Amino acid sequence: MGGPATDPVERGFPHLATVREAITALYRRLSADGVHGFASDVAPGDVAFADADDLYLGTQRIAGVMVAHLRLPEARVIVSFREGMTHAANVELEAGPEYFVELNARFKQHRHDIGAALAHEVTHVWLHRLGLAFEGTRANEILTDTAAAYLGSGWLLLDAFRQDALTSQKLGYLTPEEFGYVLAKRAQVCGEDPAVKFTSPQAYEAYVRGRRVADRDEETPPLAAAPWVERRRYVRDRRHGAARGGSAGYAFEPDDGQGPRVSFPCPTCRVRLRVPVRGRVRARCRLCGAVWSCDT
């Protein structure tokens with residue numbers, strides 16, 4: 001179930017809608033307090049692989065780090081390596097408490113990426129035990145990558161992205177920029193800057209691009225932080241009662257006797273908020289608890 005090991009690297013934000021649905025699903029299942037319970041990232045030192053470390057003992061140690069991070073005390077992940085795999089890794093999702101993970105044999109020579117591969121696979125176990133899944137393999141893999149990144153271990157998956165003139169490597173199903181987006185959304189909530197952990201310059205560049213999109217989530221009308229150009233477009237749409245799709249996603253609702261309202265996605269968890277159209281108001285999200293200043 002792990003991401004492709006050799007496929008060409010897709011770039012940009014082609015899966016952004018599913019990524020946002022995954023973030024909403026995490027808040028719905030865990031609650032805001034549950035999400036904040038994963039506010040600390042997996043530490044780089046906890047998943048470091050020294051040259052002198054035994055391959056199998058070191059791999060099992062890192063699997064244990066991932067199990068502990070996701071608070072799966074009754075789960076035991078047993079890792080082996082297999083030749084000829086087309087994907088980076090695979091996990092058998094049974095009833096437990098033992099789960100068997102196979103890693104592509106190439107990780108024997110790329111031990112520094114074992115943590116990234118196990119971050120994805122152990123998150124599969126966590127989601128399986130939580131009973132949270134999306135329909136379809138690709139959507140479920142995107143959910144897994146998003147959950148890993150949003151809950152503190154997925155920075156490893158982005159850091160595994162490397163390119164040079166002859167080769168490229170990426171783990172997971174999200175694009176590098178989408179990983180950057182999710183990590184930036186996490187940083188907005190948890191306050192930890194993942195950039196200091198990156199060893200790959202390509203990972204840092206993708207994070208910066210993803211962060212720009214995440215920042216724009218907090219700068220779209222009717223949020224008071226929207227820039228002048230967006231505010232002007234919003235006022236024009238409001239005058240004509242028009243709905244706007246795309247990245248802003250606000251929509252005006254007709255007067256139901258209590259005055260007109262505008263709905264828009266919460267920048268944190270993406271559920272829709274509804275506020276009256278009457279100037280300066282504050283909107284509190286019922287799901288994640290975030291409070292937003294709006295100019296409606």
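A charge is taken to sit over a ring if NZ of Lys or CZ of Arg is within 6 Å of the ring centre and within 35 degrees of the ring normal. In this predicted model, Arg106 is placed in that way over the face of Phe107, at 4.7 Å from the ring centre. Arg71 likewise lies over the face of Phe38, and here the figure is 4.5 Å from the ring centre.

Arg71 also deserves attention for its backbone, since this residue has a positive phi of about 60 degrees although it is not a glycine. Following the chain, the reader will find Arg71 in the loop that runs between α2 (55-69) and β1 (76-82). A positive phi, of about 75 degrees, is found at Arg270, which is not a glycine either, and Arg270 is placed in the loop between β7 (261-265) and β8 (272-276). Arg270 has a relative accessible area of 15% and is therefore buried.

Another backbone feature is the cis peptide bond that joins Pro221 and Pro222, with omega at about 5 degrees; Pro222 belongs to the loop between α7 (201-217) and α8 (228-240).

The aromatic rings can be followed next, and a search of the whole structure finds 7 aromatic pairs. One of them is formed by Tyr250 and Phe252, whose ring centres are 5.8 Å apart and whose planes stand at 65 degrees, so that the pair counts as edge-to-face. Tyr250 and Phe252 are both buried, and ring pairs link these two residues with Tyr234 into a cluster.

Note on methods
Residues are numbered from 1 along each chain as its sequence is written. This is a predicted model: local features need pLDDT of at least 70, side-chain atom pairs count only at pLDDT 80 or more; totals for chains, interfaces and linings use all residues. Side-chain values use heavy atoms; hydrogens and water are left out. Helices (H or I, at least four residues) and strands (E, at least two) are DSSP runs, numbered from the N terminus. Buried means under 20% relative accessible area, exposed over 50%, partly exposed in between (1.4 Å probe, protein chains only). Rings of Phe, Tyr and Trp (its six-membered ring) pair if their centres lie within 6.5 Å; planes under 30 degrees apart count as stacked, over 60 as edge-to-face and the rest as tilted.
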